[in-house]
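Colleague: I am new to this one. Please show it to me, and expect to defend your words.

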Amino acid sequence: MSTLVKPEIHKGKSLPTSMQAAVYRGVNDVRLETVPVPQIGPGEVLIRVHTCGICGTDLKKIHTGSHSAPRIFGHETAGQIAAVGEAVENFRIGDRVMVFHHIPCGECYYCRHKVFAQCPVYKKVGATAGFEPSGGGFAEYVRAMDWIVRKGVVKIPDNVSYEQASFIEPVNTCMKAMEALGPRPGETVLVIGQGPIGIILAVLAARAGATVVTSDLHPQRLKISESFGLRHNLDAGSGPVERVREMTEGRGADAVILAAAGNSLVRPAIDAARPGGRVMLFAQTQRSEVAIDPAAVCVDEKTLLGSYSASVDLQEENVRLVFSGEVDFARLVSHRFPLHQAVEALHLASNPGPDSMKIVIQPGMEWAKN
């Protein structure tokens, strides 16, 4: 690997050789460690991380041991370019950016069929803070590889905060689900689960003109949902399937989005959809067996859909929405942790309370003040 081409200078100091990172060492074992600052090669950039959101897929990997150790997770990353490699023309040191960790090749069978998340290049992570590339946002610095720099690094306007920009990747994943689900004006859409992702999905469905009904066990989350203009809120513990049917002349919702991870919710989600309706599984990322009624798909003609990860085709539209400020996604951030408290941040994200929404790790909490 080549050495850094252009060292970053902060108040007369060169780029450091070591940094702090939250390192995954095994199942439920994440440790704050000192690791080397990644070196970059031609076409690559080094990003000094300001904010990285904690995603449920990060937590799944940590808790299930689905990935080998050691790794540094974190992929909802926004920060500042600290160094650029040879042949990088569109970025310079000091640029404020967010970085995707997956970008497809654009040429393979799956890309031609617009199923980007199944592209072999897409599956190859292109952002790392060291070890096996795994996003790297839970560290002080992240290396973005050349194919990511070409299509997956986005400049942040001066009037947009790092926190708002860190939502670009998760909002993209939600927009992809909306494109597949196709909510239309006049339809009723039920969104089960009002964590940060559930609220984003509900907001996007409402933007499409649908009447959105939200459901969650925690009244606090429904209050937050209401603050985003989502007025039809149901207590998940009081029979939301029956309530939705009452609201739709006994039919059920035209579309149902399952934004909560529990597999026990799949059957109720299908039951809540009207005959001929659609059901989107968004949070079911762990492989397992789930009992469903096949006649609901065959006889009742309900369509079962899935959506995973982001779509490069939606990137421009997605970026415009986040940067426009039309939706203040940063309001979903409930807890901010400096990097040295990353383990505590991950623990809270793994054991969310009624008042915890988006939890972010902010290595830039200190340097951005200087």
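Modeller: This is a predicted model. Start at Arg 278, which lies in strand β13.

Colleague: Is Arg 278 buried or exposed, and how do you know?

Modeller: Its relative accessible area is 9%. Buried means under 20%, so Arg 278 is buried.

Colleague: What does the side chain of Arg 278 reach?

Modeller: The side chain of Arg 278 reaches the backbone oxygen of Leu 181, at 3.0 Å. It also makes a polar contact with the side chain of Glu 187.

Colleague: What makes the pair of Arg 278 and Glu 187 a polar contact?

Modeller: The distance is 2.8 Å. A polar contact needs N or O atoms within 3.5 Å, one able to donate a hydrogen and the other to accept it. The pair is therefore called a polar contact.

Colleague: Which residues does Arg 278 touch, leaving out those up to four places away in sequence?

Modeller: Among them are Pro 183, Arg 184, Glu 187, Asp 254, Thr 303 and Leu 305.

Colleague: Take Glu 187 and Arg 184. Why is their pairing called a salt bridge?

Modeller: Their side chains meet at 3.0 Å, N to O. The limit is 4 Å between a side-chain nitrogen of Lys or Arg and a carboxyl oxygen of Asp or Glu. The pair therefore counts as a salt bridge.

Colleague: How accessible are Glu 187 and Arg 184?

Modeller: Glu 187 has a relative accessible area of 6%, so it is buried. Arg 184 has 45%, so it is partly exposed.

Colleague: Where is Asp 254 found?

Modeller: Asp 254 is in strand β12, residues 253-258. Its relative accessible area is 13%, so it is buried. A polar atom of its side chain lies 2.7 Å from the backbone nitrogen of Thr 188. Its contacts beyond four places in sequence include Glu 187, Arg 274 and Arg 278.

Colleague: Strand β12 comes up again around helix α9. Which residues of α9 are buried?

Modeller: In α9, residues 240-247, Pro 240, Val 241 and Val 244 are buried.

Colleague: How do you know that these residues sit on the same side of α9?

Modeller: They cover an arc of only 105° around the axis, so they lie on the same side of α9. Their cover includes β9, β10, β11, β12 and α10. Glu 249 follows α9, with a positive phi near 55°.

Colleague: Back to charges. How many salt bridges does the structure hold?

Modeller: The structure holds 16. In one of them, the side chains of Glu 44 and Arg 143 meet at 2.8 Å, N to O.

Colleague: What makes that pair a tie between parts apart in sequence?

Modeller: Glu 44 is in the loop between β2 and β3, and Arg 143 is in strand β7, so the pair ties together parts that are 99 residues apart in sequence. Both Glu 44 and Arg 143 are buried.

Colleague: And Glu 226 with Arg 231: why is that called a salt bridge?

Modeller: Their closest N and O atoms are 4.0 Å apart. The criterion is within 4 Å, so the pair is listed as a salt bridge. Glu 226 is partly exposed at 30%. Arg 231 counts as exposed at 57%.

Colleague: Which residues are linked in a network of salt bridges?

Modeller: Arg 92, Asp 95 and Lys 155 are linked that way.

Colleague: What makes the nonpolar surface patch?

Modeller: Val 290, Ile 292, Val 297 and Leu 304 make the patch, about 270 Å². Ile 292 lies in the loop between β13 and α11.

Colleague: Why is Ile 292 called partly exposed?

Modeller: Its relative accessibility is 34%. Partly exposed runs between the 20% and 50% limits, so Ile 292 counts as partly exposed.

Colleague: What is said of the backbone at Ala 87 and Ser 309?

Modeller: Phi of Ala 87 is near 75°, a positive value in a residue other than glycine. Ser 309 also has a positive phi, near 65°. Ala 87 is exposed, with a relative accessible area of 69%. Ser 309 is buried, with 14%.

Colleague: Why is the bond from Ala 69 to Pro 70 called cis?

Modeller: Its omega is near 0°. Pro 70 is in the loop between α1 and β4.

Key
Residues numbered from 1 in each chain as written. Predicted model: local features only at pLDDT ≥ 70, side-chain atom pairs only at ≥ 80, totals over all residues. Heavy atoms only, no water. Helix = DSSP H or I, 4+ residues; strand = E, 2+ residues; numbered from the N terminus. Buried < 20%, exposed > 50% of the residue type's maximum accessible area, 1.4 Å probe, protein only. Contact = heavy atoms within 4.5 Å. Patch = residues over 30% accessible without salt bridge, like charges linked within 9 Å, V, L, I, M, F, W, Y side chains within 5 Å. Areas by Shrake-Rupley, 256 points an atom, 1.4 Å probe, with all protein chains shown as cover. Arc of directions from axis to C-beta.
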